[in-house]
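Colleague: I'm new to reading models like this one. Could we go through it together, one question at a time?

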Amino acid sequence: MEYRKLPRGGEKICTLGLGTSSIHESAPDEIQAIIEKAIDSGINFFDLAAGSNRMFEPFGKSIKGKREKVYFQLHFGAVYKENGEYGWSRNLTEIKNTFEWEMKALGTDYVDFGFLHCIDEESDFKDVIDNGIFDYVKGLKDSGIVRHIGFSSHTPSVANMMLDTGIADIMMFSINPAYDLECGDEYGIGTTVERAELLKRCEAEGIGISVMKPFHGGQLLSDETSPFKKALTRNQCIQYCLDRPAVITVVPGVRNMSDLTELLEYPTSASSERDYSLIGGFTPQAAVGNCVYCNHCQPCPVGIDIGIVNKYYDLALVGDNMAANHYDKLTVKADACIKCGHCDKRCPFKVKQQSKMKSIAEYFGKGV
């Protein structure tokens, strides 16, 4: 299992996390077994925006004696009806009561990541401020009950409003090829450019991203339902998300032990099984010519890591002061380009990498 550090805090988080929105479809004993197997397999990050409150007590049992080994996102605004079914609320009293019940069911006295839930519209942002939810979660952070504050969103413009507050250490965002290439559903909000700029801003400002909806609700996994009319595999979708700027972890949901077993194929899969470059054939005009850091252009005969060179350049352009330092530490830089054309021929997004290497080298002060 691969782990990445949260920029603000330094926690080492597994790149393959686990969502719990559908895990309630299993019996309580199986839910506990699923979480225990996930932990034993190296998964240490869980999203607890559950489809039913039936999940919480089995989850609490599974982490008993292992609390320090796991991190989880708890959502302030996700509430549960009398029958246990998921709902959402902007009522502070209801949110407080739900939080107290969740903490008891989980058997914990602290939360790793306290999330402002579903900040998708400007009215959501206004409500969490005006209704005291923002200040409530901030108070929990000040008292140490919440270790980090985060938020979930599907909307770049509203996510930027949340980032402007300076309160968030992590953002949960919907990422997959369909959304990013403007072929998604009502949750795939924002243009290709808007979504890319949001992710680059997060990287520049040290905001980690946990990814929801990596499979586009399962639609990307089938020829019949994929908007591209061509299926991708779970491994390809996960790798695509992990190659996006600022992404720390991907948290696909599971319904049962079989789903978990399939996901656990990712950590040991070969790079060829993760290669998602076929999406280059689906690319809209807005994305043509933009490097997505997939490194399908590799191997470079002189050893340039073309994807990471492009990433540092893009981050520098949006104000990441550390990007130039990271670039400077590379063993092989853009100025090593010999203009062989190998990368241009292989790029599925039609990026003219020879020209890019020249521009990047000049930008960082090492003209070719």
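Modeller: Sure, let's start with Lys229, which counts as exposed because its relative accessibility is 61%. Keep in mind that this is a predicted model.

Colleague: Where is the place of Lys229?

Modeller: Start from two elements, β11 (208-212) and α9 (234-242). Residue Lys229 has a positive phi of about 60° although it is not a glycine. Its place is in the loop between β11 and α9.

Colleague: Is Ala246 buried or exposed?

Modeller: Ala246 also has a positive phi, near 75°, in a residue other than glycine. You'll find Ala246 in the loop between α9 and β12 (247-250). The cut-off for buried is under 20% relative accessible area. Ala246 has 9%, so the word for it is buried.

Colleague: On to helix α5 (residues 133-143): which are its buried residues?

Modeller: We go along the helix and pick out residues under the 20% cut-off. For α5, that gives Ile133, Phe134, Tyr136, Val137 and Leu140.

Colleague: Why do those buried residues line one face of the helix?

Modeller: Picture looking down the axis of α5. The face turned away from the buried side carries the exposed residues Asp135 and Asp142. The buried residues line one face because they fall within an arc of 170°.

Colleague: What do the buried residues of α5 pack against?

Modeller: Contact here means heavy atoms within 4.5 Å. By that rule, the partners of the buried residues include both helices and strands. They are α3 (92-106), α4 (122-130), β5 (71-76), β8 (111-116) and β9 (146-153).

Colleague: And which residue just after α5 takes a positive phi?

Modeller: Helix α5 covers residues 133-143. Just after it, phi is about 90° at Gly144.

Colleague: What about aromatic pairs: how are the planes of Phe76 and Phe99 arranged?

Modeller: The count comes to 13 aromatic pairs. In the pair of Phe76 and Phe99, the ring centres are 4.9 Å apart and the planes are at 40°. Planes under 30 degrees apart would be stacked and over 60 edge-to-face. At 40°, then, the pair is tilted.

Colleague: How many residues apart in sequence are the parts that this pair ties together?

Modeller: Phe76 is buried at 2% relative accessibility, and Phe99 is buried at 7%. Phe76 sits in strand β5 and Phe99 in helix α3, so the pair ties together parts whose separation in sequence is 23 residues.

Colleague: Which residues do ring pairs link into a cluster?

Modeller: Here we follow the ring pairs from one residue to another. The cluster they form is Phe56, Tyr80, Tyr86 and Trp101.

Colleague: Now the largest pocket: which element gives the most to its lining?

Modeller: The largest pocket holds about 1000 Å³ of space. Its lining has 37 residues, with Ser21, Ser22, Met212, Lys213 and Gly253 nearest the centre. The elements giving two or more residues to this lining are β7 (86-88) and α10 (257-263). The one that gives the most, with 3 residues, is α10.

Colleague: How many charged residues are in that pocket's lining?

Modeller: Let's split the lining of the largest pocket by class. There are 15 nonpolar and 13 polar residues, and the number of charged ones is 9.

Colleague: Which residues are closest to the centre of the largest cavity?

Modeller: There are 3 cavities of 30 Å³ or more, and the largest has about 80 Å³ of space. Its lining takes at least two residues from each of α14 (342-346) and α15 (353-363). Of the 14 lining residues, the closest to the centre are Cys300, Ile304, Cys337, Cys340 and Cys343.

Colleague: And how many polar residues line the second largest cavity?

Modeller: The volume of this second largest cavity is about 70 Å³. Among the residues lining it are Cys291, Tyr293, His296 and Phe349. By class, 8 are nonpolar, none is charged, and the number of polar ones is 4.

Colleague: Last one: which residues does Arg346 touch?

Modeller: Arg346 is in helix α14, and at 33% relative accessibility it counts as partly exposed. Leaving out residues up to four places away in sequence, Arg346 touches His296, Cys297 and Gln298.

Conventions:
Residues are numbered from 1 along each chain as its sequence is written. This is a predicted model: local features need pLDDT of at least 70, side-chain atom pairs count only at pLDDT 80 or more; totals for chains, interfaces and linings use all residues. Side-chain values use heavy atoms; hydrogens and water are left out. Buried means under 20% relative accessible area, exposed over 50%, partly exposed in between (1.4 Å probe, protein chains only). Helices (H or I, at least four residues) and strands (E, at least two) are DSSP runs, numbered from the N terminus. The arc is that of the directions from the helix axis to the C-beta atoms. On a 1 Å grid over the protein atoms alone, a cavity is a set of points where a 1.4 Å probe fits but cannot get out, and a pocket is an open set with protein on both sides within 12 Å along at least five of seven lines; lining residues have an atom within 4 Å of a point. Grid points are joined across faces, edges and corners, and a volume is the space filled by probe spheres set on the points. Ala, Val, Leu, Ile, Met, Phe, Trp, Tyr, Cys and Pro count as nonpolar, Asp, Glu, Lys and Arg as charged, and the others, Gly among them, as polar. Rings of Phe, Tyr and Trp (its six-membered ring) pair if their centres lie within 6.5 Å; planes under 30 degrees apart count as stacked, over 60 as edge-to-face and the rest as tilted.
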